[in-house]
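Biologist: I have a two-chain model on my screen, and I want the reasons behind its labels. Can we go through them one by one?

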Amino acid sequence: MPSLRLPAERTRGPLPAETDVAVIGGGLAGTAVAYELAGEGLDVLLLERGELNREASGTNAGSFHFQIAIHQLTERDAGGSHARLAADVRLQLEAARLWETLEEELGGPLGVHRTGGLMVAETPEELRLLHEKHAIEEEAGLETHVLEGDELRRFAPYLADDLLGATYCPAEGHANPFLAAPLFALRAAERGATIRTGVAVTAVEPGFVVRTGAGDVRARRVVNAAGAWAAELAATSGIELPTRSEGLHVNVTEPRRKVLEPLVQHIGRRLTLKQTDSGTFVIGGGWPARPERSPARYSTIWESAAGNAAVAVRVMPSLAGVRLVRTWTGVLAFTPDLQPVVGEAESLPGYFTCLATTGFTLSPMIARMLAAHVARGEPLPPEYAPERKGSRWTATT
Amino acid sequence: MTAKGSYDLLVVGAGPAGLAAAAEAAALGVSVAVVDERPAPGGQIYKQPGLRVAGHRALGADHRRGRALVQAAERSGARFLLRTACLSVRGTEAVLAPEGERARTVTAGRILLAPGAHDRPVAFPGWTLPGVLTAGGAQTLVKAHRVGLGRRVVFAGSGPLALAFPAQLRRYGVPVVAALEAGPAPGLADLARLGAAARGNGRLLLDAARYRLELARARVPFRRRRIVVRAEGRGRVEAVVHAAVDDEWRVVPGSEERIEADTLCVGYGLCPSVELSRLAGCALRYDEDLGGPVVVVDEWQRTSVPGVSAAGEATGVEGAHVAEDEGRLAALGLVEDERRAAPVRRRLERRRRFQRALRRLHRVGAGVYELATPETVVCRCEELTRAELEEAIEASADIGVVKGFTRVTMGLCQGRNCARQLAALVAARHGLALADVPAATPRAPVRPVPLGAVADETVGDPGLFVA
């Protein structure tokens, strides 16, 4: 079998003096944008300061979240949120469809599994929220079912039998976060994109002049795909991008016989839980990690492991006897309204941004949207514009 | 008055360094707790027999020394937290998991890391066959559990253990049929160096001579400059193939010999256990002569992290005597008692001189990492062969990337079995020195622990994401 990874030698070497599009950031968004743009016949240079896929794209838990999450629901007071939520759901659906054909398109395994997903409720209030979000999802065309009492116990006998209910979404699942971006990078390179790792961009100046630790590159257009560091990068061009980053804690256990098919989330507490192909349980859900200079950018916090494990064992009691083997941290970019940023800066034509809060699920989709816009002028949803107006779109929140 | 769950000094590891530190510190009048995952203090070297034996005399001087150390620590008033794993250290906070209980965070005025060392894992064809075990594993079986190893036992290794270990096994009645030492016989220059350093180290030299004599009397062939090449057998070890090596321990073609055996003990030296030190963020340096990555300490065994000290093999594999004295220094460092430290420092200097003289004889050759063939499983937890790892290493010299592609170092052993071998493969492919291959990011817990013991309902949910 031919290797599905770009050899180290092909990511080194001199920088070109100029390029049509400079893509900054070698995560899932950046590699997918490079792949799509190269497919559109454009001359692409991808710059990554470290190694490919080492930040959020390679450290997240690999879940496909399509159901509306509680943090989205609690934004309802923002006004007009119903339509916005429905639009979010539709974007997620498109992303789901893209993932389903991605292995075939890229010609390699990505560990894509459509396992279905459960979102559980412990309290009557949480159960009410489940019903509410189910109605919005149905309207937007996302299939979900509310399961209560015996119906839930029969469907998911491994869950605690006193849970009040759960929504089941057949479209949810997971892929392997270690495989996606590297395969996009390989295919991008095969389509002619130049990929350089270990090249840190220090500033993007009008023109554009992309200043890097390895010299300057002239680029007609720039795509900021720097994820958690996108705001920092944008600031070097005078663009205010009100995104922030957070470190998140993830846990993984020893392998056990397969018992848990769907992805499990909680409507009211921080939990994502799934059993991987190798039998390990991956447990996350957004427990915090501690920002750090060294040895890692975010270090694990034992309290996060303890709290996260408590929710997991509460929801699936048999986990109590399964051993935790390691914890790790990942970084996540947050946009103030939790919607993606896809588009061109009004204040700086030719400067594009491509990032999403639940970036693993959405990146291949928004990368394709952005590439179609850059190459062919296909329209982009104005609500994803980098300098959009809105009460929740300011850097001061 | 010390609050429950908080100590002036928390010692992690009840081996020679930890025990000596605990006794010395308790004598200073501070509250001390010693944590160890084993059921009894003593560490690997002074492991207490599982069965009561008639006279401890039969177990030798080392054992008596260990008993004295254990008793001194026990009588000192230090509190022992046994069957308790230390899962993580951050500053002066440690997460402790007593067997069968919930893990808890303990704070201390100072934490002393004395976790010891583990056998250097060496991957060669057949190393995963039943019947192949590490020197440490064999020692535990024989000493603590009184389990016989087999009917024809081959020992392959290097360093002081290569001589002592087969001789000790013979004493326990284990039928050792061959002992293979990868290193050279001492040359004239070595003997001169050893002689010069021997003052005050006479016992160690005598020990070596006695072990050699014991093996000769028992007619156990002791062969230098030979390395194990593979273990053969269907379902378990049936034979061991060994070969002559050059100065770098690279196999000399055509020198293979085969010996029938049902058990193979492998002991190519020890690697410092630095997982907790890494987690704590302590500065490390690389010194192949001291076992690889070692914790950097000052003259009082204090690491680069405030409130965290380290002693024993974690700061360099130099044996139990050095470990003991390092433990004492760490304890005396609490009050910086230079007067009482002076004789300890003199003793340490003497021992270290001797250890340095021995090093050329016991340096680990690069060839030890080149025994695996493409089909040999290098990562046992994830069952990855050398060829599979090398394919991933093509893409990057970054261990983090290689981990991502293959899951290597992320299994139950958390890299203890494969990390060094992996680093050697990266070094070979990308033209780096072994010392220059950065280690993977350390992650808690350093030992697997049931989620039920981790779970704590009282930890507040940080709340849902808000924009």
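Modeller: What follows takes the labels in turn, and the model is a predicted one.

Biologist: What makes B:Trp249 count as buried or exposed?

Modeller: B:Trp249 has 22 C-beta neighbours inside 10 Å. The cut-off for buried is 20 or more. So B:Trp249 counts as buried. B:Trp249 lies in the loop between strand 13 and strand 14 (257-260) of chain B. Its phi is positive, about 65°, although B:Trp249 is not a glycine.

Biologist: Why is B:Arg225 called partly exposed?

Modeller: B:Arg225 has 19 C-beta neighbours inside 10 Å. Buried needs 20 or more, and exposed needs 12 or fewer. The value for B:Arg225 falls in between, so the label is partly exposed. B:Arg225 also has a positive phi, near 55°, and is a residue other than glycine. Its place is the loop between strand 11 (222-224) and strand 12 of chain B.

Biologist: What makes B:Pro184 partly exposed?

Modeller: B:Pro184 has 16 other C-beta atoms within 10 Å. That count lies between the two cut-offs, 12 and 20, so B:Pro184 is partly exposed. B:Pro184 is found in the loop between strand 10 (176-181) and helix 5 (188-197) of chain B. From B:Pro184 to B:Val245 the C-alpha distance is 9.4 Å, with their positions 61 residues apart in sequence.

Biologist: How do you know that strand 12 of chain B is largely enclosed?

Modeller: Strand 12 covers residues 226-232 of chain B, and 6 of its 7 residues are buried. Therefore strand 12 of chain B is largely enclosed by the rest of the structure.

Biologist: What makes strand 12 and strand 13 of chain B a pair?

Modeller: Pairing needs at least two bridges. Here 6 bridges join strand 12 to strand 13 (residues 239-244) of chain B, so they pair, and they run antiparallel. B:Glu232 stands opposite B:Ala239. The two strands form a hairpin with 6 residues between them. In that turn, B:Gly233 has a positive phi of about 155°.

Biologist: Why is strand 1 of chain A described as largely enclosed?

Modeller: Strand 1 of chain A spans residues 18-24, and 5 of its 7 residues are buried, so the rest of the structure largely encloses it.

Biologist: Which strands does strand 1 of chain A pair with?

Modeller: Strand 11 (residues 215-224) of chain A is joined to strand 1 by 6 bridges, in parallel. A:Val23 has A:Val223 as its bridge partner there. Strand 2 (residues 44-48) of chain A is joined to strand 1 by 4 bridges, also parallel. There, A:Ala22 is matched with A:Leu45. Between strand 1 and strand 2 of chain A the chain passes through helix 1 (residues 28-39), and this β-α-β crossover is right-handed.

Biologist: How do you know that the span of helix 4 of chain A is close to the expected one?

Modeller: Helix 4 (residues 81-106) of chain A has 26 residues. At 1.5 Å a residue, 38 Å is expected, and the helix reaches 36 Å from its first C-alpha to its last. There is still a kink of about 35°, centred on A:Glu100. Buried residues of helix 4 include A:Leu85, A:Trp99 and A:Ala95. A:Gly107 follows the helix, with a positive phi near 65°.

Biologist: Where are the cis peptide bonds at A:Phe208 and B:Pro445?

Modeller: One joins A:Gly207 and A:Phe208, with omega about -5°. A:Phe208 sits in the loop between strand 9 (201-205) and strand 10 (209-212) of chain A. Another runs from B:Ala444 to B:Pro445, with omega near -5°. B:Pro445 is in the loop between helix 12 (419-430) and strand 22 of chain B.

Biologist: How many residues of chain B are in contact with chain A?

Modeller: Contact requires C-beta atoms within 7 Å. By that rule, 38 residues of chain B are in contact with 49 residues of chain A. Helix 11 of chain B gives the largest share of its side, 4 residues. That side divides into 22 nonpolar, 9 polar and 7 charged residues.

Biologist: What makes strand 18 of chain A and strand 22 of chain B a pair?

Modeller: The rule asks for at least two bridges. Strand 18 (residues 323-334) of chain A and strand 22 of chain B have 2 bridges, in the antiparallel sense, so they pair. A:Leu324 stands opposite B:Val449.

Note on methods:
Residues are numbered from 1 along each chain as its sequence is written. Chains are lettered from A and ligands numbered from 1 in the order in which they are written. This is a predicted model: local features need pLDDT of at least 70, side-chain atom pairs count only at pLDDT 80 or more; totals for chains, interfaces and linings use all residues. Two residues are in contact if their C-beta atoms, placed from the backbone, lie within 7 Å. Ala, Val, Leu, Ile, Met, Phe, Trp, Tyr, Cys and Pro count as nonpolar, Asp, Glu, Lys and Arg as charged, and the others, Gly among them, as polar. The expected span of a helix is 1.5 Å times one less than its number of residues. The bend at a residue is the angle between axes fitted to the seven residues ending there and the seven starting there. A crossover is right-handed if, with the strands pointing away from the viewer, the path from the first strand over the helix to the second runs clockwise.
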